[in-house]
Amino acid sequence: MLVDQRSVARKIVRAKAVVIMDGMPPLQGRTIDISAQGLSLNFEHKLGTGHMGQLSFELFIDGKAQLLTCRSKVTYCIFSGDHFKIGYQFLNLDSITSSAITKFLR
């Protein structure tokens, strides 16, 4: 039996995401959930743990869509049905992005 070992609160978020991993063209994914430290999404392509790149995704905060972009690192990649579930760790969030995520998680 698999046990979820994440120790931080996560919130479900379903939105389109654009993934631009280093050395790859922009590709689309769909977000699954988010925490203050990272994001998981469904993706059509396998990515290696440690792969770095940019994530862009929307969060609805106070009824308004806000596009966030941040540098991220792949922490896991699991094949799930017909896609991959990818976990990303946020790296060096700027204060605006960090504040928006914190506000969304409340």
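I began my notes with a charge and a ring: Lys11 lies over the face of Phe104, at 4.6 Å from the ring centre. I keep in mind throughout that this is a predicted model.

**Aromatic pairs**

Next I looked for rings that pair with each other, and the count comes to two aromatic pairs. In one of them, the ring centres of Phe57 and Phe90 are 6.2 Å apart and their planes stand at 10 degrees, so I noted this pair as stacked, given that planes under 30 degrees apart count as stacked. I then looked up where these residues sit: Phe57 lies in strand 5 (residues 52-61) and Phe90 lies in strand 7 (residues 83-91), so the pair ties together parts that are 33 residues apart in sequence. Are these rings buried or exposed? Phe57 is buried, at a relative accessible area of 1%, and Phe90 also counts as buried, with 7% relative accessibility.

The rings of Phe79 and Phe84 have their centres 5.1 Å apart, and their planes meet at 65 degrees, so I wrote this pair down as edge-to-face, the term for planes over 60 degrees apart. Here the surroundings of the partners took me a second look, since Phe79 is exposed, with a relative accessible area of 54%, whereas Phe84 counts as buried at 16% relative accessibility.

**Strand 7 and its neighbours**

Because strand 7 holds Phe90, I went on to ask which strands pair with strand 7. Strand 4 (residues 38-43) is joined to strand 7 by six bridges, and the two run antiparallel; within strand 7, Lys85 is the residue that stands opposite Asn42. Strand 6 (residues 64-80) also pairs with strand 7 in the antiparallel sense, over nine bridges, and there I found Phe90 of strand 7 as the bridge partner of Ser72. I followed the chain from strand 6 into strand 7 and saw that they form a hairpin with two residues between them, where Gly81 in the turn has a positive phi of about 70 degrees.

**Ser40**

I picked Ser40, found in strand 4, for a closer look at one side chain. At 0% relative accessibility, Ser40 counts as buried, and its side chain makes a polar contact with the side chain of Asp33, at 2.6 Å. Leaving out residues up to four places away in sequence, I listed what Ser40 touches: Arg10, Thr31, Ile32, Asp33, Tyr76, Lys85, Ile86 and Gly87. I marked Lys85 in that list, having already met Lys85 in strand 7 opposite Asn42.

**Two positive phi values**

Last, I checked backbone angles, with a general reminder written in the margin: most residues other than glycine have a negative phi. Which residue in the loop between strand 5 and strand 6 did I stop at? It was Asp62, which has a positive phi of about 55 degrees although it is not a glycine, and which counts as exposed at 60% relative accessibility. I made a similar entry for Asn92, in the loop between strand 7 and helix 1 (95-105). Phi of Asn92 is near 50 degrees, a positive value in a residue other than glycine, and Asn92 counts as exposed, at 80% relative accessibility.

Note on methods: Residues numbered from 1 in each chain as written. Heavy atoms only, no water. Phe/Tyr/Trp six-rings, centres within 6.5 Å; stacked < 30°, edge-to-face > 60°. Helix = DSSP H or I, 4+ residues; strand = E, 2+ residues; numbered from the N terminus. Buried < 20%, exposed > 50% of the residue type's maximum accessible area, 1.4 Å probe, protein only. Lys NZ or Arg CZ within 6 Å of the ring centre and 35° of its normal. Pairing = 2+ DSSP bridges. Polar contact = N/O pair within 3.5 Å; in protein donor to acceptor, adjacent residues only side chain to side chain. Contact = heavy atoms within 4.5 Å.
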